[in-house]
Amino acid sequence: MKLSERFDRRYQQAPAVTTAPPEAVTEPAADQDGNSSIAPVERRAVAREGGTTQLKAVASPLHTLDGPGVLSPSLAAAKAEIHGDLLRRHAAAIDISNRAGIRRLLTQLTEEHFRNKPPAALVTAEDRERLVEILFDEVIGLGPLEAPLRDPEITEIMVNRPEQIFVERRGRIELTNLAFEDEASLRRVIDRIVSTIGRRVDESEPMCDARLKDGSRVNVVIPPVAIYGPCLTIRKFGREVLTPDRIVSTGGSSQAILDYLDAAVKSRLNIIVSGGTGSGKTTLLNVLSGFIPGTERIVTCEDAAELRLRQVHVISLESKPANVEGRGQITIRDLVRNALRMRPDRIIVGEVRGGEALDMLQAMNTGHDGSMSTVHANNPRDVINRLETLVLLAGTELPSRAIRSQIASAINVVVQTERLRGGARKIVSVAEVFGLRDGEIGLNELFAFRQVEVTPDGRAVGYHTATGTGTTFANHFKANGVTPPESMFEPAAQPPTEQLY
């Protein structure tokens, strides 16, 4: 019995909620022929007769996507035979770039397959078309994940196990009716993703970060780390280029905040974007990089290349894991050090999470003004503390005051992003770093998001406003020919309830 099937039975035997009767989910579902089988996702998500209201509530997030769901046993068997026939007869002649040709070939093989079957095994034209679509996605794409990848409203895809796929739509997580045929199908998709960027995932390296061709971020965890089978998480890269105007129109920021950040980037202030996972740090960093003049040479250093800079003079560097023999690893710290030898005007580090923090601070302090990076932190004050901790990970025995002095002179602006209730991502704070005072780094908050209430549908709403304190870089802006108006630092009155966002 497969590992996922063992877990599936354990999952069915465990009550969905503490008040649910165990007998409601004990037995596996049966097909129309009366044979006991593992229930597909859409069946298991629906409360059975006699179930409680809590079980029905669990079923409510189920969402049907425009794409293939779970195949019946007969269609699944036909799919396996057609796929094997394709590989056996046409593997050498398949041209992945010829999408129309592959679709015609699959249609032909499907027709041949069912033409050679007895009449009782014939299926409808709709089923055949659906089967061709599934085969097409599996041959040149990511199988059942192609449908959510095409859906512009979906921002995250979470495969917990082959038969359970969740998506995030407009900030809310929903269970779908999509499923992989088995663990082998999921592993083929995982191998296809990681192999395109020269990485691997196996029992010796069971965790991997990768990316899709469009820049979407991928995380993979397989056994023995993932107990019940491979897990795949995809954070989609937006197809639409996010512009400052769009951020303002969707309530992610105020115009005054973006005008200030525009001035900060053009006058070469060093900026750190901080926030939690999924708060929009990398997205905002992409937007801020758009303010950099096209005449400057930019070098980016990332774990998995996600930044999409629109300038022409850009060099993108990506870290590399160790090979099977444990050699050849290239870390972010190695990339930052090498970037210093490439005559950059600005260095952009996708995310600081280790000893590279020290190299980045030194770069910012040695003539590479205007550099930017992201870091995980809950607020601007925590950014300072976290950077201090990350510098210590570099293995240097610097005293605390020396580290804080480096941070105070290197970092100029901290931009805090947050994912609020309801899924909205916003800039919630912009603070300037203005040096050491009594051994502590001083912060001057210029802008903030004031949350006022939570709407009945669960969305946190409020408004952006200036705090009323002026910038400490007024002379710096003036010296660089950038003069932000004083009016942008004046606090805004709380708008009426219908104007909150």
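**Figure 1. Burial and contacts across the whole chain.** Of the 501 residues in the protein chain, 48% count as buried. This is a predicted model, and its chain folds into 16 helices and 15 strands. Take the contacts with a separation of 6 or more: 57% of them come from residues 24 or more positions apart. The accessible surface of the chain adds up to about 24600 Å², and carbon and sulfur atoms hold 50% of that.

**Figure 2. Helix α4 against helix α6.** Here we zoom in on α4 (residues 73-90) and α6 (residues 125-140), whose axes come within 11 Å and cross at roughly 50°. At that angle the two helices are therefore oblique to each other. The crossing of α4 past α6 is right-handed. On the α4 side, look for Leu75, Ala78, Lys79, Ile82, His83 and Leu86. They meet Asp127, Arg130, Leu131, Ile134, Leu135, Glu138 and Val139 on the α6 side. Sorted by class, this contact has 8 nonpolar, 1 polar and 4 charged residues.

**Figure 3. Helix α5 on helix α6.** Staying with α6, this view brings in α5 (residues 99-115), which packs against α6 at an angle of about 135°. The two axes are 9 Å apart. This pair is therefore oblique as well, and the crossing of α5 and α6 is right-handed. From α5, the contact uses Arg99, Ile102, Arg103, Leu106, Thr107, Thr110, Glu111 and Phe114. From α6 come Arg128, Leu131, Val132, Glu133, Leu135, Phe136, Val139 and Ile140. The tally for this contact is 9 nonpolar, 2 polar and 5 charged residues. If Leu131, Leu135 and Val139 ring a bell, that's because they are among the α6 residues that contact α4 and also among those that contact α5.

**Figure 4. Helices α14 and α15.** Further along the chain, α14 (residues 380-392) and α15 (residues 400-410) pack at about 120° with their axes 10 Å apart. That angle makes α14 oblique to α15. As α14 passes α15, the crossing is right-handed. The α14 side puts in Ile384, Leu387, Glu388, Val391 and Leu392, while α15 answers with Ser400, Ile403, Arg404 and Ile407. Split by class, the residues in this contact are 6 nonpolar, 1 polar and 2 charged.

**Figure 5. Phe237 and its neighbours.** Phe237 sits in the loop between β6 (231-235) and α9 (244-249). With a relative accessibility of 25%, Phe237 counts as partly exposed. Leaving out residues up to four places away in sequence, Phe237 touches Asp214, Gly215, Ser216, Asn286, Glu306 and Arg308. Also worth finding in this view is Leu307: it is 70 residues from Phe237 in sequence, yet their C-alpha atoms are 9.9 Å apart in space.

**Figure 6. Gly251 and its partners from far along the chain.** Gly251 lies in the loop between α9 and α10. Its relative accessible area is 4%, so Gly251 is buried. Set aside neighbours within four places in sequence, and Gly251 is in contact with Lys426, His464 and Tyr501. Tyr463 is 212 residues away from Gly251 along the chain, but the C-alpha atoms of the two are separated by 8.4 Å.

**Figure 7. A cis peptide bond at Pro223-Pro224.** In this close-up, look at the peptide bond from Pro223 to Pro224, which is cis with omega near 10°. Pro224 belongs to the loop between β5 (217-221) and β6.

**Figure 8. Two positive phi values outside glycine.** Start with Arg268, a residue other than glycine whose phi is positive, near 65°. Arg268 is in the loop between α10 (255-266) and β7 (271-275). At 22% relative accessibility, Arg268 counts as partly exposed. Then turn to Asp438, where phi is near 55°, again a positive value in a residue other than glycine. Asp438 is found in the loop between β13 (425-437) and β14 (440-454). The relative accessible area of Asp438 is 84%, so this residue is exposed.

Definitions and conventions. Residues are numbered from 1 along each chain as its sequence is written. This is a predicted model: local features need pLDDT of at least 70, side-chain atom pairs count only at pLDDT 80 or more; totals for chains, interfaces and linings use all residues. Side-chain values use heavy atoms; hydrogens and water are left out. Helices (H or I, at least four residues) and strands (E, at least two) are DSSP runs, numbered from the N terminus. Buried means under 20% relative accessible area, exposed over 50%, partly exposed in between (1.4 Å probe, protein chains only). Contact means heavy atoms within 4.5 Å. Accessible areas come from the Shrake-Rupley method with a 1.4 Å probe; for residues, only the protein chains shown count as cover. Axes are lines fitted to C-alpha atoms, for helices over the stretch in contact, and angles run from 0 to 180 degrees between N-to-C directions. Angles under 35 degrees count as roughly parallel, over 145 as roughly antiparallel, 65 to 115 as roughly perpendicular and the rest as oblique. A crossing is left-handed if the near helix is turned anticlockwise from the far one by less than a right angle, and right-handed if clockwise. Ala, Val, Leu, Ile, Met, Phe, Trp, Tyr, Cys and Pro count as nonpolar, Asp, Glu, Lys and Arg as charged, and the others, Gly among them, as polar.
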